[in-house]
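User: Can you walk me through this one? I'd like to start with how the chains meet, then go through some side chains.

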Protein chains: 2
Amino acid sequence: MAALSTTLPLTRDSVCWAHKVVKEHVHRTPVVTNQTLSELASTPRTVDDLKDTRFAGKTPAKPVLRLWFKCENLQRIGAFKVRGAFYALHKLLEEPGWLEGGGKEKGVVTHSSGNHAQALALAARVNGIKAHIVMPEISIPAKINATKGYGANVVFSGSTSVEREAVTEKVIAETGARLVPPYDHPDIMLGQGTLGLELQDQVESSFASKVNPAGQALRGVYAAATNKTKGNKEGLDAIITPCGGGGMLSGVALSCEGTGIKVFGAEPSYQGADDAKRGYESGERIPTVSSLTVADGLRTPVGVHPWSVIYERRLVSGIFSVTDEEILKTMKLVYERMKMVVEPSACVPLAVALFDEDFRSLVEKEAGEEGWDLGIVFSGGNVAVDALGKLLAGEK
Amino acid sequence: MAALSTTLPLTRDSVCWAHKVVKEHVHRTPVVTNQTLSELASTPRTVDDLKDTRFAGKTPAKPVLRLWFKCENLQRIGAFKVRGAFYALHKLLEEPGWLEGGGKEKGVVTHSSGNHAQALALAARVNGIKAHIVMPEISIPAKINATKGYGANVVFSGSTSVEREAVTEKVIAETGARLVPPYDHPDIMLGQGTLGLELQDQVESSFASKVNPAGQALRGVYAAATNKTKGNKEGLDAIITPCGGGGMLSGVALSCEGTGIKVFGAEPSYQGADDAKRGYESGERIPTVSSLTVADGLRTPVGVHPWSVIYERRLVSGIFSVTDEEILKTMKLVYERMKMVVEPSACVPLAVALFDEDFRSLVEKEAGEEGWDLGIVFSGGNVAVDALGKLLAGEK
């Protein structure tokens with residue numbers, strides 16, 4: 001990464017600046033509406049539905065929700081991570097002395113077996129920068145090949161974080177490569193936040209034209225969207241995003257600063273992966289997580305920089321968590337009802353909207369009968385096709 | 001169906017008329033572009049790729065293809081079939097005496113376990129018409145429930161076509177319901193053809209604005225689309241659709257009549273499911289098919305009415321077939337590269353573009369280095385999620 005001294009302040013304006021930088025490299029991914037899922041989200045669950053859940057005995061909430069999905073699963077490399085990667089490299093190229101010191105040849109390095117690896121590899125190739133990606137030997141061949149396919153130098157390591165970090169240090173010592181972490185840096189946060197700007201703009205265009213992003217008149221539950229008497233009459237009332245390391249959640253929160261749009265985080269609860277939620281409620285960031293939740297992109301603790309935005313500046317209004325079973329049930333709905341391939345991590349916000357009674361009660365209380373227009377971020381679609389079969393079969 | 005004497009002539013104008021009727025009931029489904037798949041389609045296969053195939057020993061073709069996907073998997077009920085169903089019921093409502101004779105209460109009937117059942121059930125409900133759907137007892141519960149969910153009266157039968165037709169006759173005798181067949185009727189053909197009009201129009205808009213349907217500047221391989229010196233300078237050069245009973249293929253062919261856009265059909269070859277291709281080449285329609293191809297929507301022989309358009313009037317320029325293995329390989333690509341849920345039948349046209357050397361040679365010969373803008377119809381996305389897992393796992 002570029003030195004912290006060169007980063008822009010963490011404000012909405014800086015996200016706008018980052019968007020000017022990255023927009024020529026990333027897709028302005030579509031926003032889609034869905035009648036069936038909005039109706040489902042707006043249908044109270046039954047007492048019976050809640051019986052064997054953490055909400056047993058509660059009165060089912062009656063939220064009204066119109067859902068607007070930001071499809072970053074259709075982004076380049078299949079996930080939002082390219083936004084942060086392109087912006088981070090732009091800042092590095094601008095850092096005084098980096099280029100002159102042979103930066104492009106020394107390159108950049110990260111350790112990741114997931115979307116960040118491919119994002120950095122692609123952004124590096126486009127910018128003519130060498131990329132070293134440290135991946136565990138046990139990574140699936142498809143991911144290794146995809147990363148190599150973007151021209152990166154793949155370096156293998158053991159699979160514990162200690163082993164991975166040791167190999168990364170070695171690469172840095174040998175090559176002089178600059179570390180580009182997956183989330184815990186202001187430049188990454190500003191880059192990821194650009195999706196929030198697009199989402200706001202795309203929904204506002206729909207409100208103004210009374211036509212959905214697919215070019216059809218707003219109808220069904222969406223017909224009510226533009227007749228709100230309270231909330232944000234010009235577009236979204238709230239956005240909910242997945243929260244792993246918090247890069248995207250904090251970036252989107254920055255993109256909404258001063259707009260009146262509330263921002264929420266969504267996490268898996270399995271084996272304590274809901275570290276952000278627990279930290280948010282206890283007032284202290286939880287620095288380690290060890291969970292094998294099916295939402296494999298969200299197994300990381302929230303980083304220090306994201307935390308400053310999410311919690312310390314209170315730019316996130318709340319964090320909610322769901323079970324792995326609820327995540328897989330949601331993924332099945334997205335496949336069957338939206339015909340969209342999403343990875344488990346990407347389903348967590350919708351799972352909150354459908355199944356978390358705490359969130360649903362909050363919507364009922366704040367929005368009443370008029371309801372909320374809620375932006376939901378589908379963060380990525382990278383799921384191996386054979387793993388997919390197993391995941392979906394296991395859900396029944 | 002309405003009496004044949006009331007049908008409009010099989011012309012492009014009639015498809016336009018049908019579109020006026022159905023457009024308020026069906027989605028104008030999106031058209032999407034895809035850089036990766038267009039590049040793949042435009043990359044010659046290697047001699048090695050062809051070794052164990054029906055093209056062994058041939059010189060790999062060098063077609064240039066820019067692909068434009070019409071996403072009827074995002075249509076209501078998840079498939080194009082609603083178009084024909086809505087138009088057929090409109091014509092029935094207009095038939096002199098039908099309404100006055102208690103037609104709505106007598107209702108309509110079909111035998112289908114697939115997309116046509118749900119399409120007819122939905123269209124009947126919207127029009128306040130009773131629907132009887134004859135389904136084999138062995139149909140999967142999800143399909144039975146979906147059909148019941150649209151308010152249809154589901155009547156069970158054995159699973160052979162003789163048993164299904166016998167039960168259908170019985171329903172007709174008892175209720176006076178009118179039969180609405182899945183494809184072999186001019187009204188169904190005209191209804192399905194409406195997707196062809198939209199596809200042409202959507203691509204022409206992209207050419208005129210130099211912006212793809214997602215609102216981004218045409219780039220990569222698509223940048224060349226609007227600089228053609230031959231072919232159709234305003235849009236598509238050709239469209240390829242799946243061919244089962246031929247309702248959609250013939251309807252789309254009618255929608256292209258007089259435009260200069262060539263239309264092709266795509267079939268599975270497994271166990272003789274390529275009846276249309278064989279009939280087209282031999283000059284005689286093949287009236288029966290018995291195949292368990294994975295493309296389960298395409299296990300039917302081409303109907304008499306579609307055949308008149310496809311073959312007798314030569315409005316279809318050729319029919320190509322692919323193996324089940326090629327279909328599944330294509331489905332995997334669509335999941336992984338487009339993040340789109342499609343059913344096996346919907347993958348057949350893209351499989352032809354990627355794997356059929358006869359088709360690819362034809363494109364090379366006719367289009368040369370400038371290539372073709374090819375419309376590809378994703379006909380539907382209804383695949384049970386557990387079946388999906390098995391299909392995709394079996395592909396490897």
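**Chain contact and salt bridges**

Analyst: The contact takes 24 residues from chain B and 24 residues from chain A, where contact means heavy atoms within 4.5 Å. This is a predicted model, where local features need pLDDT of at least 70, side-chain atom pairs count only at pLDDT 80 or more, and totals for chains, interfaces and linings use all residues. Residues are numbered from 1 along each chain as its sequence is written, chains are lettered from A and ligands numbered from 1 in the order in which they are written, and side-chain values use heavy atoms, with hydrogens and water left out.

User: How much area do chain B and chain A bury between them?

Analyst: About 2,100 Å², with 57% of it on carbon and sulfur atoms. Buried area here is the accessible area (1.4 Å probe) that two parts lose on being put together, summed over both. On the chain B side, B:Lys339, B:Val341 and B:Val385 lose the most area to chain A, together 32% of what that side buries.

User: Which elements of chain B give two or more residues to that side?

Analyst: Those are α13 (324-338) and α16 (385-395) of chain B. The most comes from α16(B), with 5 residues. Helices (H or I, at least four residues) and strands (E, at least two) are DSSP runs, numbered from the N terminus.

User: And how many salt bridges and polar contacts are there between chain B and chain A?

Analyst: The salt bridge count between the two chains is 0; the term means a side-chain nitrogen of Lys or Arg within 4 Å of a carboxyl oxygen of Asp or Glu. There are 10 residue pairs in polar contact between them, both residues at pLDDT 80 or more. A polar contact is a pair of N or O atoms within 3.5 Å; within protein, one must be able to donate a hydrogen and the other to accept it, and residues adjacent in sequence count only if both atoms are side-chain atoms.

User: OK, how many salt bridges over all chains?

Analyst: The structure holds 36 over all chains. One of them joins the side chains of A:Lys58 and A:Asp358 (3.5 Å, N to O). That pair links distant parts of the chain, 300 residues apart: A:Lys58 is in the loop between α3 (47-50) and β2 (65-71) of chain A, and A:Asp358 is in helix α15 (residues 357-367) of chain A.

User: Any in chain B worth a look?

Analyst: Try B:Glu95 and B:Arg178, whose side chains meet in a salt bridge at 2.8 Å, N to O. B:Glu95 lies in the loop between α4 (81-94) and α5 (103-106) of chain B and B:Arg178 in strand β6 (residues 178-179) of chain B, so the pair ties together parts 83 residues apart in sequence.

User: Is B:Glu95 buried or exposed?

Analyst: B:Glu95 counts as buried, at 11% relative accessibility, while B:Arg178 is partly exposed at 25%. Buried means under 20% relative accessible area, exposed over 50%, partly exposed in between (1.4 Å probe, protein chains only).

User: Switching topic: where is B:Trp372 found?

Analyst: B:Trp372 is in strand β10 (residues 372-378) of chain B, and is buried at 6% relative accessible area. Leaving aside neighbours within four places in sequence, B:Trp372 is in contact with several residues, including B:Leu65, B:Lys262, B:Phe264 and B:Leu362. The C-alpha atoms of B:Trp372 and B:Gly231 are 7.7 Å apart, with their positions 141 residues apart along the chain.
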